[in-house]
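This report describes a single protein chain for a reader who is new to structural analysis. Please look at the sequence and the model before reading on.

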Amino acid sequence: MQSIYIDSFIIFNFLMDYFSLFLTSRILRLSTTVVRISASSVLGCLYAALSVLYSRPFWIIYTVAMPFLLVLVAFSFRLCRVYIKATALFWCISLLSGGIVGAAVNLISQADDSYRINGLLIIAGAFISLLFAKLMNKSIRQKLSCVSCSISFEYCGNVFKLNAIVDSGNFATEPVTGLPVIFASRQSLISLSDSQLNLSVAAGGMEQKRLFRAFRPNGIVCFSAGKKRLNDAVIAVDDISTDYNGADAIVPLSII
């Protein structure tokens with residue numbers, strides 16, 4: 001009969017939850033803090049311990065409801081679909097990484113058939129997790145960065161239809177409303193006059209921050225992967241860049 005050391009079990013689950021949440025934040029580029037991820041991981045490992053002590057009822061809650069709660073605690077969301085996407089990614093990463101580390105546990109288990117974390121297991125798990133994180137991070141980010149869509153909107157009597165690419169690293173927001181920002185080339189909005197650009201948005205790095213003139217249309221229709229969505233966003237006019245890899249605009253991941 002296998003012996004389970006509760007301290008090792010809690011530490012193991014805390015590390016696994018922390019790793020899965022951290023990797024989810026890196027892949028989807030979701031803003032969070034160490035405190036939020038740690039709090040979510042503590043909640044996850046406590047429920048994992050309860051699932052062992054009280055068996056089936058808590059096990060069902062943990063496997064079905066807990067991923068949604070852990071992601072909600074770890075991140076803040078404006079859009080429900082981004083929350084669902086983050087939860088699905090967290091669940092997949094947890095399954096994959098759990099299988100990898102579970103195999104390592106079996107290979108490095110102690111002779112007395114006990115479940116206890118040792119130094120060799122931690123080193124092996126850290127190495128495997130790091131390698132897995134780099135591969136997943138690189139491949140999924142490339143796919144997210146290559147997503148294309150089209151947007152249409154009306155403003156000041158003009159109807160615009162723009163081809164766009166999705167940038168998962170675009171976290172710019174309008175300072176007053178907090179709405180996400182779409183960056184569009186000036187050439188694609190040539191019919192708009194400067195007087196119609198009544199908002200300002202700052203974006204870029206700390207050393208290269210730029211101020212963009214912007215406006216807020218009455219609703220933006222986004223077409224992506226055969227789906228049509230209505231969103232609210234601010235459009236910033238880029239007077240420098242005239243082409244975004246063949247597209248007219250760059251949209252944040254949150255609006256698709």
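Is Arg213 buried, partly exposed or exposed? Arg213 counts as partly exposed, at 28% relative accessibility. Here, buried means under 20% relative accessible area, exposed means over 50%, and partly exposed lies in between, with a 1.4 Å probe and protein chains only.

The model is predicted: local features need pLDDT of at least 70, side-chain atom pairs count only at pLDDT 80 or more, and totals for chains, interfaces and linings use all residues. Residues are numbered from 1 along each chain as its sequence is written, and side-chain values use heavy atoms, with hydrogens and water left out.

**The chain and its sheet**

The secondary structure comes to six helices and 11 strands. Helices (H or I, at least four residues) and strands (E, at least two) are DSSP runs, numbered from the N terminus. Of the 256 residues in the chain, 41% are buried.

Nine strands form an open sheet with mixed pairing, in the order 6-7-10-5-11-4-3-8-9. Strand 6 and strand 9 (227-231) are the edge strands, each pairing on one side only. Two strands pair if DSSP finds at least two bridges between them.

Strand 7 has partners on either side of this order. With strand 6 (residues 199-203), strand 7 pairs in the antiparallel sense over five bridges, and Ala203 has Arg210 as its bridge partner in strand 7. Strand 7 and strand 10 (residues 234-238) are also antiparallel, over three bridges; there, Arg213 has Val237 as its bridge partner. Strand 10 in turn pairs with strand 5 (residues 181-185) in the parallel sense over five bridges, and Val181 is matched with Val234.

**Salt bridges**

Side chains of opposite charge can pair when their charged atoms come close. A salt bridge is a side-chain nitrogen of Lys or Arg within 4 Å of a carboxyl oxygen of Asp or Glu. The structure holds six salt bridges, among them the three in the table.

| Salt bridge | N to O distance |
|---|---|
| Asp194 and Arg213 | 2.8 Å |
| Arg210 and Asp238 | 3.0 Å |
| Arg216 and Asp232 | 2.5 Å |

Arg210 lies in strand 7 and Asp238 in strand 10, so their salt bridge ties together parts that are 28 residues apart in sequence. Arg210 is partly exposed, at 29% relative accessible area, whereas Asp238 is buried, at 4%. Arg216 and Asp232 are partly exposed, with relative accessible areas of 38% and 32%. Through shared partners, salt bridges join Arg186, Asp194, Arg213 and Asp239 into one network.

**Aromatic pairs**

Rings of Phe, Tyr and Trp (its six-membered ring) pair if their centres lie within 6.5 Å; planes under 30 degrees apart count as stacked, over 60 as edge-to-face and the rest as tilted. By this rule there are six aromatic pairs. One of them, Phe14 with Tyr18, is tilted, at 6.1 Å centre to centre and 35 degrees between the planes. Because Phe14 and Tyr18 are four residues apart in helix 1 (residues 6-28), they are separated by about one helical turn.

Tyr155 and Phe215 have ring centres 4.4 Å apart and planes at 25 degrees, so this pair is stacked. It links distant parts of the chain, with Tyr155 in strand 3 (residues 148-155) and Phe215 in strand 7 (residues 210-215), 60 residues apart. Both Tyr155 and Phe215 are buried. Ring pairs also link Phe153, Tyr155, Phe160 and Phe215 into a cluster.
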